[in-house]
Protein chains: 2
Amino acid sequence: MEIEVVENVMQYNKEEAYRNRQLIKKSGVLMINILSAPGAGKTSLILATIKAFKSSFKIGVIEGDISSTHDAEKIKDLIDDVVQINTGGTCHLNASMVARALEKIDISGLDLLFVENVGNLICPVGFDLGEDYRIILSSVSEGDDKPVKYPKAFIRTDLVLLNKMDLISFSDFKYDFFEKRIRDINPEVEIFKISCKTKEGFNRWLQWVEEKIS
Amino acid sequence: MEIEVVENVMQYNKEEAYRNRQLIKKSGVLMINILSAPGAGKTSLILATIKAFKSSFKIGVIEGDISSTHDAEKIKDLIDDVVQINTGGTCHLNASMVARALEKIDISGLDLLFVENVGNLICPVGFDLGEDYRIILSSVSEGDDKPVKYPKAFIRTDLVLLNKMDLISFSDFKYDFFEKRIRDINPEVEIFKISCKTKEGFNRWLQWVEEKIS
């Protein structure tokens, strides 16, 4: 009985994700779902990307949090199309939450839509939101063993961003170990080293986004 | 129907936690459940504490991870009483997993037992493991807004440790903001600033543990 309930939830999510995907395809907007641990820098990544693309692309953001509008407020200072999802305790976004958020944005006017998932390296992994691309943002200060500890997050991703490269000389982070453990489970994925603070490596990320938009 | 299933799970956890608590009380061991985001430094805290107490207390560790024995191996270099729980995907430990782990350690010979929960600021919060104390380990590099974003973790804790103080001068972390947002939701809780790397503030933590043991 319990298994049946779980399967229904996942099946329902799959159907909702399919509908979201059809909708964003029709509107011609690129939707990117960003996963990370708490404090890896999802909001900083979004803010810096909005600033860099200010004159070239129209960007919207769906902000996922358990509670508060703390991050959404920061983004609202830069753009209008921000919708907050407060999950009220749920540890991940699902496709149906995103479907409701999509109703509140005029996506036909957007080039790019970021979905900032709840900060969690486990639960969001299983939930397709209907995005075009899913990326994972890891950070130097979290340590180089995250691909070992949270493998599914690094398997089910289209891109790995390693943020906070500005802290690497103050840490024991071994990049070769990090990369090797990702290659063990996801041999082909691209890994970009960036710093949202110093903008180190940021052009490569912007170029990746630009290629996906066009 | 779904709600009923969830309630049964929580009720069952409560009963198992009660049994764990009785067992550790009988054995006279102090059990501390450590919660944090991925990469905040739970394993570093445990390793440094074991080293500091090497000649005074006998310590055991229950290691919680989704998969791998990466952290447990590091601890096994220092002490014998280490048990790994691999949750196989589950995003938190529960009391029944800990009950099974407790069967594999001779707790009657221990003074202190750390339970390193799965790296996650959301899901582990609702699950009492039968511990004497629950602590949350936050870190400077995660940013000062974690109490705003993950309030329940900071409400349901007996102590807040703020790790990675050695990185504070390279970050935008505002300690006053961090503390104020904790005080808003948990006015009385103690907050210790520490660095597991430089051992800044570490004595205060060791003293706290020592007081609880005796």
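I took two strands to pair if DSSP finds at least two bridges between them. The model I consulted is a predicted one.

**Entry 1: the sheet of chain B**

I looked up how the strands of chain B are arranged. Seven strands form an open sheet with parallel pairing, in the order E3-E2-E4-E1-E5-E6-E7. I then asked which strands lie at the edges. They are strand E3 (82–86) and strand E7 (190–193) of chain B, each of which pairs on one side only. From one strand to the next, I noted an average twist of 20°.

**Entry 2: one strand pair**

I turned to strand E5 (residues 133–139) and strand E6 (residues 159–163) of chain B, which run parallel and are joined by five bridges. I recorded one partnership by name: B:Ile136 has B:Val160 in E6(B) as its bridge partner.

**Entry 3: helices on the sheet**

I checked helix H2 (residues 42–52) of chain B, which packs on the sheet and touches E1, E2, E4, E5 and E6 of that chain. The direction of H2 makes about 165° with that of E4(B). Helix H4 (residues 95–102) of chain B also packs on the sheet, where H4 touches E2, E3 and E4. For H4, I noted an angle of about 145° with the direction of E3(B).

**Entry 4: the contact between the chains**

I asked how many residues each chain brings to the contact. Chain B gives 28 residues and chain A gives 28 residues. On the side of chain B that touches chain A, helix H1 (2–27) and helix H5 (146–149) of chain B are the elements that give two or more residues. H5(B) gives the most, with three residues. By class, I recorded 13 nonpolar, eight polar and seven charged residues on this side of chain B.

Notes. Residues numbered from 1 in each chain as written. Chains lettered and ligands numbered in written order. Predicted model: local features only at pLDDT ≥ 70, side-chain atom pairs only at ≥ 80, totals over all residues. Contact = placed C-beta atoms within 7 Å. Helix = DSSP H or I, 4+ residues; strand = E, 2+ residues; numbered from the N terminus. Nonpolar A, V, L, I, M, F, W, Y, C, P; charged D, E, K, R; others polar. Axes fitted to C-alpha atoms, helices over the stretch in contact; angles between N-to-C directions.
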